[in-house]
Amino acid sequence: MTESASTSAVRPFFVSDADGILVPQALAVSPWSNRQVGGYAVCGVLARAIEHAAESQDFVPVRLTVDLCAPFGLDGISTTATVVRRGPRIEVLEARIGTESDTTARASAVFAAAGTEPPGELWHDHEPLPTPPDCVDEPSPPLFSSTDGGWSGDFAAHQNAHRKTAWQNFPPLVAGEAMSPFVRAAVMAETTSLVCHWGSAGAGFINIDTTLALIRLPRGTGLGLRADNQRSHAGISVGTATMFDRDGYVGSCTVTAISNARRQVDLGALRP
């Protein structure tokens with residue numbers, strides 16, 4: 001998705017014009033159509049809008065859900081965001097691209113106040129997380145792991161029916177702005193559809209939503225996503241994945257997807 005370069009020279013997903021409209025750049029273009037903005041970029045834009053609208057710096061984001069209601073063209077993007085409710089422990093926010101009567105994408109988020117852990121022990125999965133790749137944490141092309149062969153950026157080598165893990169160091173979402181940890185997690189969360197729906201014949205499902213649940217914000221610039229499960233029936237799929245960084249577990253992601261077999265993407269034809 002990105003090309004290797006120094007941080008200062010890396011191309012962003014968007015450039016903001018004089019009116020604050022976000023103009024899509026090449027990295028924001030969907031792999032499904034060269035006339036549409038990719039879902040990962042839309043998730044980042046909505047998370048950015050929500051973060052800007054949040055009223056309390058003491059709360060942290062714990063859940064983001066994005067509904068990808070319709071394809072979005074390459075015209076400039078503007079967003080609106082509002083606080084739905086603010087209480088002593090949670091803040092609920094919404095953002096949208098488009099109008100009330102013609103919404104292209106919308107998001108809802110919950111921010112919460114951190115506290116102390118309650119007493120007692122709980123069950124949790126003890127499966128070890130993947131070991132992140134030994135690479136410099138700066139914007140660069142994505143790396144994948146799908147076999148025992150380790151990490152690589154060779155798409156053709158990972159076009160198989162094995163479990164997939166992705167690692168990404170994103171460029172800026174908007175030129176001249178540092179990408180916040182929350183926005184970085186939102187962009188990565190949409191990659192759940194890729195790691196869960198990339199099979200031996202490419203990607204044939206397109207996700208219509210993304211939900212990210214966080215126990216903490218990611219640290220550093222590198223983020224990983226490991227496919228945990230995928231099941232489909234009659235062209236409807238649900239995929240789940242674990243998000244992690246170099247310090248461990250960050251959160252979990254879920255996508256709902258529908259069959260898009262007529263526009264199957266041959267990811268094996270892509271070049272790193």
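Colleague: Why does Pro 128 count as exposed?

Modeller: In this predicted model, Pro 128 has a relative accessibility of 65%, and because a residue is called exposed when that value is over 50%, Pro 128 falls in the class. Its place is the loop between strand 6 and strand 7, and its C-alpha is separated by 37 Å from that of Arg 96, although the two are 32 residues apart along the chain.

Colleague: What makes the phi of Ala 234 worth a remark?

Modeller: The angle is near 55°, a positive value in a residue other than glycine, and most residues of that kind have a negative phi. Ala 234 sits in the loop between strand 13 and strand 14 (236-245), where a relative accessibility of 72%, set against the limit of 50%, puts Ala 234 among the exposed residues.

Colleague: How do you know that Ser 56, which also lies in a loop, is buried or exposed?

Modeller: The loop of Ser 56 is the one between helix 1 and strand 3 (59-68), and its relative accessibility of 8% is under the 20% that bounds the buried class, so Ser 56 counts as buried. Ser 56 and Ala 113 are 57 residues apart in sequence, while their C-alpha atoms are 9.4 Å apart in space.

Colleague: How many disulfides does a search of the whole structure find, and why is Cys 69 not part of one?

Modeller: The search finds zero. For Cys 69 the closest cysteine sulfur is in Cys 43, at 11 Å, and since a disulfide needs two sulfur atoms within 2.5 Å, that distance is too far for a bond. Cys 196 is in no disulfide either, with the sulfur of Cys 253, the nearest one, 9.1 Å away.

Colleague: Which accessibility class does each of Cys 69 and Cys 196 belong to?

Modeller: Cys 69, at 42%, lies between the limits of 20% and 50% and is therefore partly exposed, whereas Cys 196, at 10%, is under the lower limit and is therefore buried.

Colleague: What makes the pair of Phe 111 and Phe 182 edge-to-face?

Modeller: The structure holds seven aromatic pairs. In the one formed by Phe 111 and Phe 182 the ring centres are 5.7 Å apart and the planes meet at 75°; the distance is within the 6.5 Å allowed for a pair and the angle is over 60 degrees, so the name edge-to-face applies. Because Phe 111 lies in strand 6 and Phe 182 in helix 2 (residues 181-189), the pair ties together parts that are 71 residues apart in sequence. Both rings belong to buried residues, Phe 111 at 4% relative accessibility and Phe 182 at 1%.

Colleague: Why is helix 2 called mostly covered?

Modeller: Eight of its nine residues are buried, among them Phe 182, Arg 184 and Met 188.

Colleague: How do you know that a charge sits over the ring of Phe 59?

Modeller: The charged end of Arg 86 is 5.0 Å from the centre of that ring, which is within the 6 Å limit. Lys 164 likewise lies over the face of Trp 198, at 5.3 Å from the ring centre.

Colleague: What is the volume of the largest pocket, and which residue class makes up most of its lining?

Modeller: The largest pocket holds about 1000 Å³ of space, and of its 45 lining residues, those closest to the centre are Ser 30, Pro 31, Trp 32, Gly 38 and Tyr 40. The lining comprises 29 nonpolar, 13 polar and three charged residues, and among the elements that supply at least two of them are helix 1 (39-53), strand 6 (103-113) and helix 3 (192-197). Tyr 40 also forms one aromatic cluster with Phe 13 and Phe 170.

Colleague: What lines the second largest pocket?

Modeller: That pocket has a volume of about 290 Å³ and is lined by 18 residues, with Cys 196, His 197, Trp 198, Gly 199 and Gln 230 nearest its centre. Helix 3, strand 9 (198-199) and strand 13 (222-233) each give two or more residues, and strand 13 gives the most, with four. By class, the lining divides into six nonpolar, nine polar and three charged residues.

Definitions and conventions: Residues are numbered from 1 along each chain as its sequence is written. This is a predicted model: local features need pLDDT of at least 70, side-chain atom pairs count only at pLDDT 80 or more; totals for chains, interfaces and linings use all residues. Side-chain values use heavy atoms; hydrogens and water are left out. Buried means under 20% relative accessible area, exposed over 50%, partly exposed in between (1.4 Å probe, protein chains only). On a 1 Å grid over the protein atoms alone, a cavity is a set of points where a 1.4 Å probe fits but cannot get out, and a pocket is an open set with protein on both sides within 12 Å along at least five of seven lines; lining residues have an atom within 4 Å of a point. Grid points are joined across faces, edges and corners, and a volume is the space filled by probe spheres set on the points. Ala, Val, Leu, Ile, Met, Phe, Trp, Tyr, Cys and Pro count as nonpolar, Asp, Glu, Lys and Arg as charged, and the others, Gly among them, as polar. Rings of Phe, Tyr and Trp (its six-membered ring) pair if their centres lie within 6.5 Å; planes under 30 degrees apart count as stacked, over 60 as edge-to-face and the rest as tilted. A charge sits over a ring if NZ of Lys or CZ of Arg is within 6 Å of the ring centre and within 35 degrees of the ring normal.
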